[in-house]
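Student: I am new to this structure. Please take a close look at one part of it, and then show me how that part sits in the whole.

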Amino acid sequence: MRARLLLAAALLLAGALLWVPTARVPLYYDMLAYSAQGLSLATGHGNTVAVAGHDVPGIYPAGVPALGALAQ
């Protein structure tokens with residue numbers, strides 16, 4: 001029981017020390033756009049992003065999103 005409490009305390013401490021708000025993560029929204037375009041490439045929709053049910057052209061060239069599509 002004591003070991004579990006110690007583990008829980010260590011995990012809580014690590015989470016508190018390592019937590020970073022998304023506003024401070026550089027290129028956070030770029031990662032989302034790359035992954036959205038990669039998913040579209042992997043599902044056969046081309047280099048687009050689905051917005052409100054419509055496919056709109058992606059804002060990045062297909063190179064990096066294609067790498068994400070290969071990982072899907």
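Tutor: A residue is called buried under 20% relative accessible area, exposed over 50%, and partly exposed in between, with a 1.4 Å probe and only protein chains counted. Gly58 is therefore partly exposed, with a relative accessibility of 21%. This is a predicted model, in which local features need pLDDT of at least 70 and side-chain atom pairs pLDDT 80 or more, while totals for chains, interfaces and linings use all residues. Residues are numbered from 1 along each chain as its sequence is written, and side-chain values use heavy atoms, without hydrogens or water.

Gly58 sits in the loop that links strand E2 (54-57) to helix H3 (63-71); helices (H or I, at least four residues) and strands (E, at least two) are DSSP runs, numbered from the N terminus. Beyond its neighbours within four places in sequence, Gly58 has contacts (heavy atoms within 4.5 Å) with Gln37, Asn47, Thr48 and Val49. Another residue to set beside Gly58 is Ala36: 22 residues separate the two in sequence, and 8.8 Å separates their C-alpha atoms.

Thr48 and Val49 belong to E1, the strand of residues 48-51 that pairs with E2 (pairing takes at least two DSSP bridges) in the antiparallel sense, over four bridges. In one of these pairings, Ala50 has Asp55 of E2 as its bridge partner. Two residues lie between the strands of this hairpin. Ala52 lies in that loop between E1 and E2, and its phi is near 55 degrees, a positive value in a residue other than glycine. Most residues other than glycine have a negative phi. Ala52 counts as exposed because its relative accessibility is 77%.

Thr48 and Val49 are also touched by Ser40, as are His45 and Gly46, when residues up to four places away in sequence are not counted. Ser40 is in helix H2, residues 28-42, and is buried because its relative accessibility is 9%. The Ser40 side chain makes a polar contact at 2.9 Å with the backbone oxygen of Thr48; such a contact is a pair of N or O atoms within 3.5 Å, one able to donate a hydrogen and the other to accept it, with sequence-adjacent residues counted only if both atoms are side-chain atoms.

Now the other end of the chain. Arg2 is part of helix H1 and counts as exposed because its relative accessibility is 72%. Arg2 and Val56 lie 54 residues apart in sequence, and their C-alpha atoms are 55 Å apart. Helix H1 covers residues 2-18, and its end C-alpha atoms are 24 Å apart, which agrees with the 24 Å expected for 17 residues (1.5 Å times one less than the number of residues). None of the 17 residues of H1 is buried.

As for the whole, the protein has three helices and two strands, in the order α-α-β-β-α from the N terminus. Its radius of gyration is 19 Å, well over the 11 Å of the globule rule for 72 residues, so the protein is more spread out than a compact globule. That radius is taken over C-alpha atoms, and the rule is 2.2 Å times the number of residues to the power 0.38. Along the principal axes, the C-alpha atoms fill a box of roughly 55 × 25 × 25 Å. Of the 72 residues, 11% are buried.
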